[in-house]
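Open the model in your viewer, keep the sequence panel beside it, and follow the stops below in order, selecting what each one names before you read on.

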Amino acid sequence: MKLTIKTVLIGLLIALPLGIFAETGFELAKAMEDKISPKDMKSNMTMTLTNKQGKTRESTIRSISADDSRKQIIWFLAPADDKGVAFLKIEHADKDDEMRLWLPAFKKVRRISSKKKADSFMGSDLSYEDMTSRELDEYTYEILGEKVVDGIECHILESTPKAGVTRTYKRFITYVSKADLVSILDEAFDTRDKLLKRRVMKFRKDKGYDLPTEIFVENVQKGSNTRLVFSDQEVDTGVKANLFQEKNLKRMPK
Amino acid sequence: MKKLISVLLILAMIPLAALAQFNISGDLTPSGMLRINDASLIDLPFRLGNISVDYAYGDFELKTVTSLETRWNNPEFSEDMLQFREAYLLWYPSFGEVKLGKMIHAWGAADANNPTDNLSPYDYYYMFLSGTDRKIGSMSMTTKAYLGDAQIELVAIPQFKANRFPINEPDFPIQIPVPEDAHYFNPEDELELGARIQYAMGIGDISTSYFRGNDRSFSPAGLEIDRAPMNTGQAPVLEQHLTYRSTDVIGLDAVVFPGNWTLRTELAYFRTETPDIDYSMTKFTYDAKYLQSVLQVEYAFANTVELMAQYISNNTIDSESEMVKDANFIALETMLQDTSNHALDPMRAQFSQLGIPEFSAGMGTPFALISDQVIIMSSRFTLMDNNLELSGMLMVNLDQTGYMTNLGTSYSIMEGLNLDATLAYFIGGDEAGNRFKQLEDFSNLNIGLSYSF
């Protein structure tokens, strides 16, 4: 009997971080949120926009984020007509989020409404909402089943905004890796419950973290897509909280 | 000479480039304006290209912006074509930023029309451009400190700089009545000071500002009468003198986000006074208070469609003006009254019409020059996966009959290269002095390419 309890306890200890313990949708979502993540992350990104006709436009971006990407600052390095544009996002739990855009041609930092979340981010298939975290308490969750996606065993998690929570999507279906508790594939449905976007994510292990290496967002209704490829990633470098201030939009710190 | 020194200074900086981060960017923007009524070319200057050269070394940066201005009817190169629009040094201390040199400033929460933004003069040749493209840099020093949710900015401008007006330009639609030989009295106290405090809140940002400076647009200072020609039986010569009034501006601007709307607003209170000019002439003095405001409303309908509306107003609260006649003026006036010589009748008639011109604002939003009340509505949307941008703008003059419509397209030919076309159409009423009527012949199609590198 003692051996059985010990085995169960050891089993629980192993199972807990892997998310096997998650039985309900909320528990699974909570386990994903509680998963250890870097305190901060610096990376370069190549954002490639491809339209329906196959024409592409490539941007180079420098990004620094902290607090699970609740604070993020982005500088556009290329192409030439976007160079110098910078974006700052700070998500607040107790008040409206702050979003600011530095427009060098106007020499102004333009505060933009955090409620305009459906707007495209710099013409990409990513909206501002796609770039913000989903608050755990603002959704209801349900596990719809299991599926193998690209050889990875996944839970199928449905997230639906609670009544009174205004979102541009009606619901999401997320394929969550059972082993790593990360989203492999995320499908966003518009207010008419038609599939609007499909987001595929790839990760790599580094210092115990699952770090994104590529995000591919496809707007299935428009036929366009955006691919974000990460490089030169650095984590836990001790990014100071005061980096996420308006003054740093105007120049990229070294 | 000044330009040569600037070039030498820039060249002297080149050895530092080995240690610094060096960055060159710019654009080529050849364009031409054709009149709609006869497809003739409008002969006004345009910027053929802009180049920005930046050096960054540690917490310091040197930024320069140079433009090449030309016109199709006179494309020969001259030194005046090269415009050193900005050249300033930036230092990023821990508290914020410090800038020193020739630079363009931008204050205010609204887009394009900012009554609180009076630090940099406007270039009226480029009034229909956006952003800093229509402003002129001035020598100044500015310090900005970031203190949590607050920002404090202090600006000092030691050298006065006025708006650039297209004077004696037959193709410019609004003729500015300034004689070629008009004499300008520059302000004696050229030092201008400004301060702005901005506070960020959950619901939006609020700012207040103060600026003590000199008008950017000239105003009548007086008349000088040269009676010498009368000795040979000719009419006396009247010389017009102009100056820049000293003006204090108290500003308030805010941006808030009620529901799905965005509201940007600005309010500026101006107190202006003609300086005491130590010069013997018949003087015109003004002492006035006026208020300018902008209320901007934005709404985003869908991913790619935005609607913006602006209401701009300019109200004179109180205006006192005085014409202080000098001995020359009084003597001539008396002579004309006392004599019944009919040969002097034309001069008498001319003299009887002399008086102090009506007060007009010398600072604030440039639209105050056209109207005291306008509404602007604009919309912008993209098609063909962001390769084609369409924009539309309608301006309605609420003072007199007047409309301006602007339809723009920008097509992305390839990365960095756009084909732009803008149709500007003006309709004015028949009232005397209707500005929009004067603009009717200026209705034009502007076609150009823009290549960014």
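Two strands are said to pair if DSSP finds at least two bridges between them, and this is the idea needed for the first stop. Please keep in mind throughout that the model is predicted.

**First stop: three strands of chain B**

Select Glu97(B) in strand S6 (96-103) of chain B, and then look across to S7(B), where its bridge partner is Lys144(B). If you extend the selection to the whole of strand S7, residues 138-147 of chain B, you will have a pair of antiparallel strands, S6(B) and S7(B), joined by eight bridges. Now add strand S5, residues 82-91 of chain B, which also runs antiparallel to S6(B) and is joined to it by five bridges. Within that pairing, Leu89(B) stands opposite Leu100(B) of S6(B), and if you follow the backbone from S5(B) to S6(B) you will pass through a hairpin of four residues.

**Second stop: where the two chains touch**

Show both chains and look at the contact between them, to which chain A and chain B give 26 residues each. Which elements give two or more residues to the side of chain B that touches chain A? They are strand S6 (96-103), which you have just visited, and strand S11 (204-214) of chain B. If you colour this side of chain B by residue class, you should find nine nonpolar, 13 polar and four charged residues.

**Third stop: a loop residue in chain B**

Move along chain B to Ser371(B), which lies in the loop between helix H3 (345-352) and strand S18 (373-383). Is Ser371(B) buried or exposed? It counts as buried, because it has 20 C-beta neighbours inside 10 Å, and 20 is the number at which a residue begins to count as buried. Leaving aside neighbours within four places in sequence, Ser371(B) is in contact with Asn397(B), Asp399(B), Gly402(B) and Arg435(B). Take Asp399(B) from that list and draw a distance to it: although it is 28 residues away along the chain, its C-alpha atom is separated from that of Ser371(B) by 6.6 Å.

**Fourth stop: chain A as a whole**

Hide chain B and view chain A alone, which has two helices and 13 strands. Its C-alpha trace spans about 75 × 45 × 35 Å along the principal axes. The radius of gyration of chain A is 19 Å, which agrees with the value near 18 Å that a compact globule of 254 residues would have. Of these 254 residues, 31% count as buried.

**Fifth stop: one helix and its cover**

Select helix H2, residues 25-34 of chain A, and highlight its buried residues, Gly25(A), Leu28(A), Ala29(A) and Met32(A). When you look down the axis of H2(A), these buried residues fall within an arc of 95°, so they line one face of the helix. An α-helix has 3.6 residues a turn, so residues three or four places apart point the same way. The cover over the buried residues of H2(A) includes strand S7 (139-149), strand S8 (152-161) and S9 of chain A.

**Last stop: a loop residue in chain A**

Follow strand S9 (171-177) of chain A towards strand S10 (183-189), and in the loop between them select Val182(A). Val182(A) counts as buried because 20 C-beta neighbours lie inside 10 Å. Apart from neighbours within four places in sequence, Val182(A) is in contact with Ser177(A), Phe203(A) and Asp210(A). To finish, draw a distance from Val182(A) to Ser37(A): they are 145 residues apart along the chain, and their C-alpha atoms are separated by 11 Å.

Technical notes
Residues numbered from 1 in each chain as written. Chains lettered and ligands numbered in written order. Predicted model: local features only at pLDDT ≥ 70, side-chain atom pairs only at ≥ 80, totals over all residues. Buried ≥ 20, exposed ≤ 12 C-beta atoms within 10 Å, placed from the backbone. Contact = placed C-beta atoms within 7 Å. Nonpolar A, V, L, I, M, F, W, Y, C, P; charged D, E, K, R; others polar. Rg over C-alpha atoms; globule rule 2.2 N^0.38 Å. Arc of directions from axis to C-beta.
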